[in-house]
Amino acid sequence: MKSTLATDSAALADALQAPALLLAPEHLFLRDGPVRGHAVLVQDGRFADIGPAAELAARYPHLAPLELPGRAIMPGMIDVHHHLTQSFGKSLAYGEPSEIFRRVWVPLEASLDDEFVYLVSKLAALESLRGGFTTVCDAGTRAKGDIAALARATQEAGLRCVMGLICNDGGNDSTAEQRRSLKQGAEQFLSRWQGAELVHPSLAISVPEAASDEMLAAVSRLCAEAKTIFQTHVNEHLASVERSVVQRGLRPLELLAHLGALGPQVLIAHGTLVTPPELQLLRRTDTAVAYNPVASQWKGNAVAQAQLMAALGIRFGLGTDSTRADAFRLMDAAEAAQKLAHSLAIGDASCGGGWTWFDHATCEGARAIGLDHLIGEIAVGKAADFLLLDVDTPELCTSVDLTWDLVRLGNRDQIDAVFTDGRLRLWQGWPTDWDARALMRQVASMAGQAIAQAPIQRLHPTAAEHRRLHNQLAGEAA
């Protein structure tokens, strides 16, 4: 039987906003899995203490334990590859062939001003938090103006953000002045955002072909020196791999290795088309990968060999690629895509045993973006980024494996509360301190015009038009 406080939604939401919280859930997810009978102290934005509930109650007699029967506390999930300023246009991508960045994302983002960047980024941040993500890694925006608009949006929403600055110089035909200016801007960007609340600066190059050899090596080196990450899309689509071979004589990942631009500071997005020697390159250089299974389902040429990467010790996390901001569906997709693409044919029924995908959505995701010292697990001293889940549901009431059940059966509507840096940001899907519905109305009123004005080229019709064309063709065939 749940306590009165645990069943009184308003009272519980109010209690969770106290400056210090001694939380005693039914299940607490620690590094090796869920445990019962434990409590956690949240204070000053950190997990200050963890242990058996009775021991913590005795150590902190001035705090009344908040009993949470029927609930679980787990680490906030991490989206290691996002495009925050593209998210509002995600339904433009349905049915489109690969490399839609050329026809949709680049022209769409280039048409956004600072105000719209702020608005759509805050909406995307809200979607991420609602979906169980407490951290996103943004791969950079091509929108005009100051990237501070994006930072302000995520900070106000309460979403931790690894924020990428794109440093494309266009390739080996760029001028020395272009390269010098970009490097100077990158250095200033890293300095400006170092230590900012909930913002972690990063540098990005869209794809290796969008930069000169000099810039690829320089940006990777700058990130290594600043102890931050260098992001780039690598070996995602057949067309880009082939262009790289034609233009540079090497596949994209091979090119980065040739330039000495791989390493523990590097996060490659996708990596769906990697050869066995390239897998060894990733392993030897400790380069991390963003495994984006929904992107593969929607518009990809292949599914990254994530389970093999795990076996080889290659760091990787799960990314949405701005498809849908739902961490539970992402974990499910990570397992399902891997099983359909790789495991069924070899009789691997386990396909990671559930925990693989849970870990790579949390602690391993933190390792992939270089923030495992700060986030990714419920551990003393780490930032209190976590979810409070209602697991007293028909789907989970007979659970014998809560970790795997959350991968396959978990839903974002089970998320009662989302915390980052020890602060309650969302309660039952909505912010506690700002008007999300007003933001939604504002973005909705502007989105249509922004899409109409951008020089977008779509190759696939809407569902209704596709149905009409299908029926027309079927009628002609009859």
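**Exercise 1. Two crossing helices**

In this predicted model, α5 passes α6 in a crossing that has a handedness; state which handedness it is, and then describe how the two helices meet.

*Solution.* The first step is the handedness, and the crossing of α5 past α6 is right-handed. The second step is the geometry: the axes of helix α5 (residues 114–130) and helix α6 (residues 148–157) come within 8 Å and cross at roughly 35°. The third step is to list who takes part, and here α5 contributes D114, V117, Y118, S121, K122, A125 and L129, while α6 contributes A149, L150, R152, A153, T154, E156 and A157. Sorted by class, the residues of this contact are 8 nonpolar, 2 polar and 4 charged.

**Exercise 2. A second helix pair**

Decide how the directions of α7 and α8 are related, and name the residues through which the two helices meet.

*Solution.* Begin with the angle: helix α7 (residues 176–193) packs against helix α8 (residues 213–226) at about 20°, and their axes are 11 Å apart. Angles under 35 degrees count as roughly parallel, and therefore α7 and α8 are roughly parallel to each other. Next comes the handedness of the crossing of α7 and α8, which is right-handed. Finally, R179, L182, K183, A186, E187 and L190 of α7 meet E214, M215, A218, L222 and A226 of α8. In this contact of α7 with α8, 7 residues are nonpolar, 4 are charged and none is polar.

**Exercise 3. The two sides of α11**

Find which residues of helix α11 are buried, explain why they line one face of the helix, and say what covers them.

*Solution.* In helix α11, which spans residues 276–285, the buried residues are E278, L279, L281 and L282. Viewed down the axis of α11, these buried residues fall within an arc of 155°, so they line one face of the helix. The general background is that an α-helix has 3.6 residues a turn, so residues three or four places apart point the same way. Turning to the other side of α11, we find P276, P277 and R284 exposed. The cover over the buried residues of α11 includes α10 (252–258), β11 (266–270), β12 (288–291) and α13 (306–312). After α11 comes D286, which has a positive phi, near 60°.

**Exercise 4. A leucine in a loop**

Is L262 buried or exposed, and which residues does it touch beyond those up to four places away in sequence?

*Solution.* First locate L262, which lies in the loop between α10 and β11. Its relative accessible area is 10%, and buried means under 20%, so L262 is buried. Setting aside residues up to four places away in sequence, L262 touches L253, L256, A257, T285 and T287. The chain also brings L262 and R284, 22 residues apart in sequence, to a C-alpha separation of 9.6 Å.

**Exercise 5. Two partly exposed residues**

Explain why V35 and R437 both count as partly exposed, and place each of them in the structure.

*Solution.* Partly exposed lies between the limits of 20% and 50%. V35 has a relative accessible area of 24% and is therefore partly exposed, and R437, at 45% relative accessibility, is partly exposed too. As for location, V35 lies in strand β2 (residues 33–35), whereas R437 lies in helix α18 (residues 436–453). Apart from neighbours within four places in sequence, V35 is in contact with E26, H27, L28 and L30. The last step compares sequence with space: the C-alpha atoms of V35 and A72 are 37 residues apart along the chain and 9.6 Å apart, and those of R437 and L123 are 314 residues apart along the chain and 9.9 Å apart.

Technical notes: Residues numbered from 1 in each chain as written. Predicted model: local features only at pLDDT ≥ 70, side-chain atom pairs only at ≥ 80, totals over all residues. Heavy atoms only, no water. Buried < 20%, exposed > 50% of the residue type's maximum accessible area, 1.4 Å probe, protein only. Helix = DSSP H or I, 4+ residues; strand = E, 2+ residues; numbered from the N terminus. Arc of directions from axis to C-beta. Contact = heavy atoms within 4.5 Å. Axes fitted to C-alpha atoms, helices over the stretch in contact; angles between N-to-C directions. Parallel < 35°, antiparallel > 145°, perpendicular 65-115°, else oblique. Left-handed = near helix turned anticlockwise from the far one by under 90°. Nonpolar A, V, L, I, M, F, W, Y, C, P; charged D, E, K, R; others polar.
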